[in-house]
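Please take a moment to look over the model that follows before reading on. The report after it works from the central sheet outwards to the helices.

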Amino acid sequence: MSPVSEQQRRYLDAMGIDVWVRRDQALPAEVAPLPESAPEPASAEGRPDVSELDWSALRQQVAGCQLCELHTSRTRTVFGVGDEQARWLIIGEAPGVDEDRQGEPFVGRAGMLLNAMLQAVGLAREQVYIANILKCRPPNNRDPRPEEAAACFPYLRRQIELIQPDLIIALGRVAAQRLLDCTTSLARLRGTVHRLEATGTPVVVTYHPAYLLRTPADKRKAWEDLLFAQSLTRDDQA
Ligand code: URA
C-alpha cells in the first residue's frame, strides 16, 4: 500500500480519520459463496423491456417512469451521475430531499462525505458512477419497499450492463440487502466480496455516509472497506 499523500491526509482529516491507521493491515478477503440472489426483475407483464436501451433511451424511460407509487410524490427522478465507463459503481439507497429537488444522487451532506471518502482513496466523484436502488424519493425518507426496489431494478441492471464496472460498492445495509436479496447484517456483509447474481459483478459493502455522519467513529472502518475495494481493483491485480 502506498504511503498517505498530503492530499489524502487532508481528506482523511475531513473525514475525521486519524492518519496513523496502519494501511498494511490485512483486510479480510474471503469470497462469499456464489451467488446470493439479486432482486427479481419486475414481471415482464405490462412493464417496458429496458434490457436493450442505450443511455439516452434509458434516461428517458426513467424520467417518465410510473411503475410504482413513488412517481406521484417525486419532484424529479434521480437517474445517476458520473463516468459511464467507471470502474467503480457506487450504489446508495434512494434519493433524499436534496436529491429529489436537484435530480442528482448524493448532493446533500451525505454526498459531501461520500465525495471526501472517495477522495481519500484518490478518486474524484467524476471518476465513479453513483446511483441508487431507487430512482425516486420515498416519502419521509422511509426505506425502499421490496416491490419498489423490484420495479426499479431493471433500470439499475441496465446501467450496470452499460457501465460494466469492475466493482460495485453498496452503501449501507438497505442498499446491500436489496442488491444481494438477503437479510444479513451490515457487519457480516462487510469485508467480503459478494456477487450480483444478475450480472456477476463483485460487490463490496460499506457504511452509508448518512450513518457515518451520525457515527463518526466508524469512518475508519469505512475507509478500510474502500482500501479493501481498491485492493481488489488495482491494475496490477487485474
Ligand atoms: N442517500 C442515498 O442513499 N442516496 C442519495 O442519493 C442520497 C442520500
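A residue is called buried when its relative accessible area is under 20%, exposed when that area is over 50%, and partly exposed in between. With these cut-offs in hand, one can read the present model, which is a predicted one. The protein chain has 9 helices and 6 strands, and of its 238 residues 48% count as buried. Among the contacts between residues at least 6 apart in sequence, 75% join residues at least 24 apart.

**The sheet**

The 6 strands form an open sheet with mixed pairing, and their order across the sheet is 1-3-2-4-6-5. Its edge strands are strand 1 (81–82) and strand 5 (194–195), each of which pairs on one side only. The table lists three of the strand pairs, with a bridge or facing pair of residues for each.

| Strand pair | Sense | Bridges | Residue pair |
|---|---|---|---|
| Strand 1 and strand 3 | antiparallel | 2 bridges | G82 and Y129 |
| Strand 2 and strand 4 | parallel | 4 bridges | I91 and A170 |
| Strand 4 and strand 6 | parallel | 4 bridges | I168 and V203 |

Strand 4 deserves a separate look. Which of its residues point one way, and which the other way? In a regular strand the side chains alternate between the two faces of the sheet. In strand 4, L167, I169 and L171 point one way while I168 and A170 point the other way, and all of them are buried. Because 5 of the 5 residues of strand 4 are buried, this strand is largely enclosed by the rest of the structure. Two of these residues also appear in the pairing: A170 is the bridge partner of I91, and I168 stands opposite V203 in strand 6.

**Helix 6**

Helix 6 (residues 172–180) is likewise described as largely enclosed by the rest of the structure, because 7 of its 9 residues are buried. The buried residues are G172, V174, A175, A176, Q177, L179 and L180. What covers these buried residues includes strand 2 (88–92), strand 4 (167–171), strand 5 and strand 6 (202–206), together with helix 5 and helix 7 (186–189). After helix 6 comes D181, whose phi is positive, near 50 degrees.

**Helix 2 against helix 5**

Two packed helices are described by the angle between their axes and the distance between the axes. For helix 2 (residues 55–63) and helix 5 (residues 146–163), the axes come within 11 Å and cross at roughly 165 degrees. An angle over 145 degrees counts as roughly antiparallel, and helix 2 and helix 5 are therefore roughly antiparallel to each other. Their crossing is left-handed. On the side of helix 2 the contact is made by W55, L58, Q61 and V62, and on the side of helix 5 by Y155, R158, Q159, L162 and I163. Sorted by kind, the residues of this contact divide into 6 nonpolar, 2 polar and 1 charged.

**A residue in helix 9**

Is R220 buried, partly exposed or exposed? This residue lies in helix 9 (residues 219–233), and R220 is partly exposed because its relative accessible area is 24%, a value that falls between the cut-offs of 20% and 50%. R220 and M15 are 205 residues apart in sequence, yet their C-alpha atoms are 8.6 Å apart in space.

Methods
Residues are numbered from 1 along each chain as its sequence is written. This is a predicted model: local features need pLDDT of at least 70, side-chain atom pairs count only at pLDDT 80 or more; totals for chains, interfaces and linings use all residues. Side-chain values use heavy atoms; hydrogens and water are left out. Two strands pair if DSSP finds at least two bridges between them. Buried means under 20% relative accessible area, exposed over 50%, partly exposed in between (1.4 Å probe, protein chains only). Axes are lines fitted to C-alpha atoms, for helices over the stretch in contact, and angles run from 0 to 180 degrees between N-to-C directions. Angles under 35 degrees count as roughly parallel, over 145 as roughly antiparallel, 65 to 115 as roughly perpendicular and the rest as oblique. A crossing is left-handed if the near helix is turned anticlockwise from the far one by less than a right angle, and right-handed if clockwise. Contact means heavy atoms within 4.5 Å. Ala, Val, Leu, Ile, Met, Phe, Trp, Tyr, Cys and Pro count as nonpolar, Asp, Glu, Lys and Arg as charged, and the others, Gly among them, as polar.
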